[in-house]
Amino acid sequence: MAQPTMPIADQAGEEMQTVPEPSPTELASSPEATALRAEILDVGRKLWERSYVDGNGGNISVRLGSQYVLCTPTLISKRDMEPADICLANLQGEIVAGNRPRTSELLLHLEIYKANPRARAVVHCHPSYATAYAVTGSAPPTGYVTEFELFIGPVAVAPYETPGTQVFAESVLPFVEDHNTILLTNHGIVCWSDTVTHAEWLVEIMDTYCKTVLLAQQTGCPLLRIPEHKIEEILAIKRRMGLPDARMARLQKSSAETPVDAGELDRLVEQVVARLEGRD
Ligand SMILES: [Zn+2]
């Protein structure tokens, strides 16, 4: 997941022509929009089935073209959405196609898209274990589960602001470059990735990790940390895969002193990518 996209070369080797972007109406009815609506509906049902959303809570969006996003409407259960419910909004938050009012929390999504071009899809919801940490205003400790370290790592905690306001939307801005998963104090979480499906995977990984740490702490036994030099390997893999991590700056400093074995790193990356693609 979240592998960097590769530029596709022009097959004929000819100069790329500038094609005018379709109108909002054309975009809203394009095959790409149809596929993205289906993906949003699938992810909405997954969020509801896993109890990550309650009532009309949670919202999902994805970029479409350079100037628009498809997003979930306000006041709807994420279990019950239909394709016509998904709105097309511009980056100012105005609906340009669709009959339902957008979610007020679209402002949060738009700030993330504008601040970080790598964010192509955003999922916000209220999963119980992650939100339990959000209620304490603290992030779960890092260093205990490989999957979490690889895909998420240190989680940021945005200060509390009233949901739906511009101040709330901007509360994540200091964190959105280095963190794909951000806890919203007294509220829930928001995750960004390259696709809607991958953003939902981050929610699953985050909530499962929070649950695991809370359970492990209840055993009364000491928790075993992943050795620091193995964390360095995970960080090197994350860099190769284009995944963000606030610890990268530290790795840059230490790897300048102790270079990572490039051959060994290539083998590790290949193993991880093979697993993600279901090849092992
Ligand atoms: Zn919310």
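**Exercise 1. How do helix H4 and helix H7 pack?**

Task: In this predicted model, describe how helix H4 (residues 128-136) and helix H7 (residues 196-218) are placed relative to each other, and state which residues make the contact.

Solution: Begin with the general idea that two packed helices are described by the angle between their axes and the distance between the axes. For H4 and H7, the axes come within 7 Å and cross at roughly 70 degrees. Angles of 65 to 115 degrees count as roughly perpendicular, and therefore H4 is roughly perpendicular to H7. Next, list the residues on each side: H4 contributes Tyr-129, Ala-130, Ala-132 and Tyr-133, while H7 contributes Met-206, Asp-207, Cys-210, Lys-211 and Leu-214. Finally, sort the residues of this contact by character, which gives seven nonpolar, no polar and two charged.

**Exercise 2. Where does strand E8 sit?**

Task: Decide whether strand E8 (residues 188-193) is enclosed or open to the outside, and identify its neighbours in the sheet.

Solution: First count the buried residues; six of the six residues of E8 are buried, so the strand is largely enclosed by the rest of the structure. Then look at the two faces separately: Gly-188, Val-190 and Trp-192 are buried on one side, and Ile-189, Cys-191 and Ser-193 are buried on the other, so that both faces are covered.

The neighbours come next. Strand E5 (residues 121-125) runs antiparallel to E8 and is joined to E8 by five bridges, with Cys-125 standing opposite Ile-189 of E8. Strand E7 (residues 181-184) also runs antiparallel to E8, through four bridges; here Leu-184 faces Gly-188, and Ile-182 has Val-190 as its bridge partner. E7 and E8 form a hairpin with three residues between the strands, in which Asn-186 takes a positive phi near 60 degrees.

**Exercise 3. What is the order of the strands in the sheet?**

Task: Give the strand order of the sheet, name its edges, and say which strands helix H3 (residues 106-115) lies across.

Solution: Start from the general point that strands of a sheet pair through backbone hydrogen bonds, either parallel or antiparallel. In this model, eight strands form an open sheet in the order E4-E3-E2-E1-E5-E8-E7-E6, and the pairing is mixed. The edges are strand E4 (95-97) and strand E6 (156-158), each of which pairs on one side only. From one strand to the next, the twist averages 25 degrees. Helix H3, in turn, lies across E1, E2, strand E3 (87-90), E5 and E8, and runs at about 140 degrees to E2.

**Exercise 4. How long is helix H2, and what covers it?**

Task: Compare the span of helix H2 (residues 31-49) with the expected value, then work out which of its residues are buried and what covers them.

Solution: H2 has 19 residues and reaches 27 Å from its first C-alpha to its last, which is close to the 27 Å expected at 1.5 Å a residue. The buried residues of H2 are Ala-33, Leu-36, Arg-37, Ile-40, Leu-41, Val-43, Gly-44 and Leu-47. Their cover includes helix H1 (24-28), strand E1 (59-64), strand E2 (68-71), E5 and H7. Just after the helix, Ser-51 takes a positive phi of about 60 degrees.

Definitions and conventions
Residues numbered from 1 in each chain as written. Predicted model: local features only at pLDDT ≥ 70, side-chain atom pairs only at ≥ 80, totals over all residues. Axes fitted to C-alpha atoms, helices over the stretch in contact; angles between N-to-C directions. Parallel < 35°, antiparallel > 145°, perpendicular 65-115°, else oblique. Contact = placed C-beta atoms within 7 Å. Nonpolar A, V, L, I, M, F, W, Y, C, P; charged D, E, K, R; others polar. Buried ≥ 20, exposed ≤ 12 C-beta atoms within 10 Å, placed from the backbone. Pairing = 2+ DSSP bridges. Expected span 1.5 Å × (residues − 1).
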